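I opened this notebook to record what I looked up in the structure. The entries follow in the order in which I made them.

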Amino acid sequence: MPKHVLMSELEIITDGGRRRRWTAAEKLRILEETLDDQASISMFALGNGMAPKLLYCLRRLTFEG
């Protein structure tokens, strides 16, 4: 039979997890870095602590106007 363990402490994390906010200047800098034809967008995203999907979305919104 499995042993049950009663936990006496509970930690609640309220800092929002990994969510991060970028200023417009930071977003523009990251987007400019990705304009190089040989650049890997995923590598730039991960290098800046951003999900690749978010960077692809920012690029699409920027180029569409």
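**Entry 1: a side chain in a loop.** I began with N48, in a model that is predicted. A polar atom of the N48 side chain lies 2.7 Å from the backbone oxygen of F44. I then looked up where N48 sits, and found N48 in the loop between α2 (41-47) and α3 (52-64). Is N48 buried or exposed? N48 has a relative accessible area of 16%, which is under the 20% cut-off, so I recorded N48 as buried. I also listed its contacts, leaving aside neighbours within four places in sequence: N48 is in contact with R20, W22, R29, I30 and E33.

**Entry 2: the other loop.** I turned next to T34, which lies in the loop between α1 and α2. The side chain of T34 reaches the backbone oxygen of L31 at 2.6 Å. The relative accessible area of T34 is 4%, so I entered T34 as buried. Which residues does T34 contact, apart from neighbours within four places in sequence? I found A39, I41, F44, L55 and R59.

**Entry 3: the overall layout.** I counted three helices and zero strands in the protein. From the N terminus on, the order of the elements is α-α-α. Of the 65 residues in the protein, 17% are buried. I also looked up contacts between residues at least 6 apart in sequence, and 39% of these join residues at least 24 apart.

**Entry 4: two helices.** I examined how helix α1 (residues 24-33) packs against α3: the angle is about 90°, and the axes are 11 Å apart. This angle falls within 65 to 115 degrees, and therefore I noted α1 as roughly perpendicular to α3. On the α1 side the contact is made by K27, I30 and L31, and on the α3 side by L55, L58, R59 and T62. I sorted the residues of this contact of α1 with α3 by class and obtained four nonpolar, one polar and two charged.

**Entry 5: the core.** Which residues make up the largest nonpolar core? I recorded eight residues in all: W22, I30, L31, I41, A45, M50, L55 and L58. The elements α1, α2 and α3 each give two or more residues to this core. I followed one core member, L55, further. Not counting residues up to four places away in sequence, L55 touches I30, L31, T34, I41, F44, A45 and M50. The T34 of my second entry is thus among the residues that L55 touches.

Conventions. Residues are numbered from 1 along each chain as its sequence is written. This is a predicted model: local features need pLDDT of at least 70, side-chain atom pairs count only at pLDDT 80 or more; totals for chains, interfaces and linings use all residues. Side-chain values use heavy atoms; hydrogens and water are left out. Helices (H or I, at least four residues) and strands (E, at least two) are DSSP runs, numbered from the N terminus. Buried means under 20% relative accessible area, exposed over 50%, partly exposed in between (1.4 Å probe, protein chains only). A polar contact is a pair of N or O atoms within 3.5 Å; within protein, one must be able to donate a hydrogen and the other to accept it, and residues adjacent in sequence count only if both atoms are side-chain atoms. Contact means heavy atoms within 4.5 Å. Axes are lines fitted to C-alpha atoms, for helices over the stretch in contact, and angles run from 0 to 180 degrees between N-to-C directions. Angles under 35 degrees count as roughly parallel, over 145 as roughly antiparallel, 65 to 115 as roughly perpendicular and the rest as oblique. Ala, Val, Leu, Ile, Met, Phe, Trp, Tyr, Cys and Pro count as nonpolar, Asp, Glu, Lys and Arg as charged, and the others, Gly among them, as polar. A nonpolar core is a set of buried Ala, Val, Leu, Ile, Met, Phe, Trp, Tyr and Cys residues joined through side-chain atoms within 4.5 Å.
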